[in-house]
Each structure stands twice: as C-alpha cells, then as structure tokens.
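Subject: Structure for your review

Dear colleague,

Please find the structure below, together with its sequence. A summary of what was found in it follows.

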Amino acid sequence: MVHKTTLELLEVAARFQHPAAVAALLEACIIESDGDAVLIAKALGAVVHAQGMRDFSERSGMSCRLLRRELSGRRSPQFATILQVARTLGITLHVSAA
C-alpha cells in the first residue's frame, strides 16, 4: 500500500534538482517504503523524468528504454541501475549500523 506521504513526495519530485534535495527525497522514500524497491524506483524515476529522460540517459550512459523499464514501478529494479542513477544524480548510497 502506498501512503499519502509517499504520493505527495512523488508529486513534488519534479522540483528536486539539487543533489541534496534528491538525497532527502530518496531517504524519505527508503524509510517509508518498508523495503519496497518499486517505490524507491518510482521516486528516482520521477526525478529523472523531471530532469529530462533523454538528457539523463546521455549523462548516465544508460538507454532511455532501460531507464523507463527499471524506474517505471511496474517491477523491481536492478540494484546496478539504482546505483548508476544515484551516481548520475550526484548522490551516493551508504549503509550504517542500526
């Protein structure tokens, strides 16, 4: 089930252009997703679309088709895709002890 807060985040994702804002959005989605990789992919997809799919595709070295397929939310994305998208957005993923 997608929470109202999540939907609000996805609706405003187009405004997230700065890496710090993208990181905050992604962190909120990770916390709220309860392990749902599809939700995280949708959030990244919204940011990518806002930046322009074709331009982002060129900067990332990934095809538009792959990006659309992996970030559509219709299925779980590959972790390598998430990492490459994050790098292109200027953010990094890290882990810490709980």
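**Helix packing and the largest pocket**

Helices α2 and α3 cross in a right-handed manner. Please note that the model is a predicted one.

The axes of these two helices, α2 and α3, come within 9 Å and cross at roughly 160 degrees. Because angles over 145 degrees count as roughly antiparallel, α2 is roughly antiparallel to α3. On the α2 side, the contact is made by Val22, Leu25, Leu26, Cys29, Ile30 and Ser33. On the α3 side, Leu39, Ile40, Ala43, Leu44 and Val47 take part. By character, the residues of this contact between α2 and α3 comprise 10 nonpolar, 1 polar and no charged.

The second topic is the largest pocket. Its volume is about 470 Å³. The lining of this pocket consists of 17 residues, and those closest to the centre are Leu26, Ile30, Thr92, Leu93 and His94. Leu26 and Ile30 also belong to the α2 side of the contact described above.

Which helices each supply at least two residues of the lining of the largest pocket? They are α2 (residues 19-33), α3 (37-51) and α6 (79-89). The largest share of the lining, 5 residues, comes from α2. Taken by character, the lining of the largest pocket divides into 12 nonpolar residues, 4 polar and 1 charged.

In short, α2 takes part in the contact with α3 and also supplies the largest share of the lining of the largest pocket.

With kind regards

Methods:
Residues are numbered from 1 along each chain as its sequence is written. This is a predicted model: local features need pLDDT of at least 70, side-chain atom pairs count only at pLDDT 80 or more; totals for chains, interfaces and linings use all residues. Side-chain values use heavy atoms; hydrogens and water are left out. On a 1 Å grid over the protein atoms alone, a cavity is a set of points where a 1.4 Å probe fits but cannot get out, and a pocket is an open set with protein on both sides within 12 Å along at least five of seven lines; lining residues have an atom within 4 Å of a point. Grid points are joined across faces, edges and corners, and a volume is the space filled by probe spheres set on the points. Helices (H or I, at least four residues) and strands (E, at least two) are DSSP runs, numbered from the N terminus. Ala, Val, Leu, Ile, Met, Phe, Trp, Tyr, Cys and Pro count as nonpolar, Asp, Glu, Lys and Arg as charged, and the others, Gly among them, as polar. Axes are lines fitted to C-alpha atoms, for helices over the stretch in contact, and angles run from 0 to 180 degrees between N-to-C directions. Angles under 35 degrees count as roughly parallel, over 145 as roughly antiparallel, 65 to 115 as roughly perpendicular and the rest as oblique. A crossing is left-handed if the near helix is turned anticlockwise from the far one by less than a right angle, and right-handed if clockwise. Contact means heavy atoms within 4.5 Å.
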